[in-house]
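Q: Please take a close look at the salt bridges in this model. Which residues pair up, where do the partners lie, and are they buried or exposed?

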Amino acid sequence: MKKRPLILITNDDGITAPGIRALIDVMLEIGDIIVVAPDSPQSGTGHAITINNTLYLNKISKPDAAFDEYSCSGTPVDCVKFAVNEIIKGKPDLCVSGINHGSNSSINVIYSGTMSAAVEAGIEGIPSIGFSLSDFDWNADFEVVKPHVKRIAKQVLENGLPEGVILNVNFPREKSFKGVKVCRQAKAMWVEEFDKRKSPHGRDYYWLTGKFVNLDNGQDTDEWALSNGYVSVVPVQFDLTAHHAMQQLNTWKLDG
């Protein structure tokens, strides 16, 4: 009998989030799992790591549980580092992160703790996927995405991923999908504003607000796919070198 793959599961919404519970349900159908996730919400932490505070890791699964589950006081990236170096002491066959409450399409991939956890696993040479649902509701219905999550995860296990590539998978909010599209990341940005207020003690304080602006009219982007009822699959990489700019920079007088 073929050995079941070992799958690491993490997220950024926290160990109790319904999204990670849905991901656990799906991955148990595919392989053996280990869960390491933040003990509190860590959305928007990006690729942050904890270096100025102590870290705590608590095993929260019971001795007779079907899988080991840990909560971590750090960031999603810390969770992956803990899993690889302290728990598994090696590399799992797959890392899945999510299912995030809210989209991580376009530029959001930069800020996303969900995707940063997957990227960290990718840096370790582990095939990795970040899953997100375009619904911020804590009680969002994840049932509709489960078959697609299972299919995509199994494809990665069977076929592998190109070196240095991680999948960013986003689901629209619809109850049914038109299909799955492999896309590029849309050119978009957040236009921020700071809501200035005053505390009862007379001190100014601020809340960051803003709106998401899609600057891309292409029909091959993740934003187009999600707006038109498709699941978007974007291959992303952690090599941030702008290779197309190197030739121009080599014409500059940079030396001496």
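A: A salt bridge is taken here as a side-chain nitrogen of Lys or Arg within 4 Å of a carboxyl oxygen of Asp or Glu. The model is a predicted one. Under that rule, Arg173 and Asp135 form a salt bridge through their side chains, with an N to O distance of 3.3 Å. Arg173 belongs to the loop between β7 (165-171) and β8 (179-182), while Asp135 belongs to the loop between β6 (128-133) and α5 (146-159), so the contact ties together parts that are 38 residues apart in sequence. The two partners are covered to unlike extents: Arg173 has a relative accessible area of 54% and is exposed, whereas Asp135, at 10%, counts as buried.

A salt bridge also links two loops in the case of Asp216 and Arg184, whose side chains meet at 2.7 Å, N to O. Asp216 sits in the loop between β10 (204-214) and α6 (222-227), and Arg184 in the loop between β8 and β9 (188-198), so this pair ties together parts that are 32 residues apart in sequence. The acidic partner, Asp216, counts as buried because its relative accessibility is 13%, which is under the 20% limit. Arg184, at 35% relative accessibility, counts as partly exposed.

Next comes a pair that joins a strand to a helix. Glu69 forms a salt bridge with Arg21, and their closest N and O atoms are 2.2 Å apart. Glu69 lies in strand β4 (residues 68-72) and Arg21 in helix α1 (residues 18-28), so the pair ties together parts that are 48 residues apart in sequence. Glu69 is buried, its relative accessible area being 8%, and Arg21 is partly exposed at 29%.

These pairs are part of a longer list, since the count by this rule comes to 14 salt bridges. Not every residue involved has to be read as half of an isolated pair: Asp25, Glu143 and Lys146 are joined into one network by salt bridges that share partners.

For contrast with the charged contacts, there is also a nonpolar patch on the surface. Ile110, Tyr111 and Trp190 make this patch, which covers about 300 Å². Tyr111 is found in helix α3 (residues 108-111), and counts as partly exposed because its relative accessibility is 41%.

Notes: Residues are numbered from 1 along each chain as its sequence is written. This is a predicted model: local features need pLDDT of at least 70, side-chain atom pairs count only at pLDDT 80 or more; totals for chains, interfaces and linings use all residues. Side-chain values use heavy atoms; hydrogens and water are left out. Patches are made of residues with over 30% relative accessible area and no salt bridge: like charges are joined within 9 Å, nonpolar side chains (Val, Leu, Ile, Met, Phe, Trp, Tyr) within 5 Å. Accessible areas come from the Shrake-Rupley method with a 1.4 Å probe; for residues, only the protein chains shown count as cover. Helices (H or I, at least four residues) and strands (E, at least two) are DSSP runs, numbered from the N terminus. Buried means under 20% relative accessible area, exposed over 50%, partly exposed in between (1.4 Å probe, protein chains only).
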